[in-house]
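Here are my notes on the model you sent round. Have the coordinates open while you go through the points.

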Amino acid sequence: MYAVIETGGKQYKVQNGDVITIEKLGVEVGETVEFDKVLVLSDDQGLQVGKPYIDGVTVGAEVVENGRGKKIVIFKYKNKKDYRKKQGHRQPFTTVEIKTIGGVSAPAKEEPVTETAEEAPAEADAE
């Protein structure tokens with residue numbers, strides 16, 4: 001099951017359990033967010049495409065982190081005119097983990113079961 005959502009002027013293809021970085025939202029870490037701009041929904045019943053959005057379908061997510069991206073340096077200059085301008089920018093972002101798509105919550109992540117190594121059977125006595 002997956003969905004295509006729109007947020008921050010961009011589109012993201014998401015599945016349950018995905019962690020994505022999106023444009024900054026005004027929410028604190030640990031809070032839940034619902035995206036109601038769902039463009040495409042694929043589930044057991046088939047593929048639903050919105051015009052432009054699907055009514056009544058939301059994608060729920062939990063905010064994992066708020067931060068700022070890597071610094072980008074903008075440097076402008078004009079040759080022979082003694083004009084130099086240096087500027088930096090760090091884009092703010094929000095990282096979210098997708099919990100529910102269309103009202104269906106993410107399955108609980110199961111811990112991988114590791115079997116204890118059984119002792120090798122004793123070798124038969126050589127006669």
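1. Let me start with one pairing: Val4 has Val40, in β5, as its bridge partner. That sits within a wider match, as strand β1 (residues 2-7) and β5 run antiparallel and are joined by four bridges. Strands are taken as pairing if DSSP finds at least two bridges between them.

2. A word on what you are looking at. This is a predicted model, where local features need pLDDT of at least 70, side-chain atom pairs count only at pLDDT 80 or more, and totals for chains, interfaces and linings use all residues. Residues are numbered from 1 along each chain as its sequence is written, and side-chain values use heavy atoms, with hydrogens and water left out.

3. On the other side of the bookkeeping for β5 comes strand β6 (residues 46-49), again antiparallel and again joined by four bridges. Ser42 has Leu47, in β6, as its bridge partner. Two residues lie between β5 and β6, and the two strands form a hairpin.

4. Why is β5 described as largely enclosed by the rest of the structure? Because six of the six residues of this strand (residues 38-43) are buried; buried means under 20% relative accessible area, exposed over 50%, and partly exposed in between, with a 1.4 Å probe and protein chains only. For the protein chain as a whole, 25% of the 127 residues count as buried.

5. The overall make-up is quick to state: eleven strands and zero helices. Both are DSSP runs numbered from the N terminus: helices are H or I with at least four residues, strands E with at least two.

6. Contacts next (heavy atoms within 4.5 Å). Taking those in the protein chain between residues at least 6 apart in sequence, 62% join residues at least 24 apart.

7. Have a look at Arg84 too, which belongs to strand β9 (residues 83-89). Its relative accessibility is 58%, so Arg84 counts as exposed. Leaving aside residues up to four places away in sequence, Arg84 touches Phe75, Lys76 and Tyr77.

8. Finally, charges over rings, meaning NZ of Lys or CZ of Arg within 6 Å of the ring centre and within 35 degrees of the ring normal. Lys13 lies over the face of Tyr2, 4.5 Å from the ring centre. Lys78 lies over the face of Tyr83, at 5.8 Å from the ring centre.
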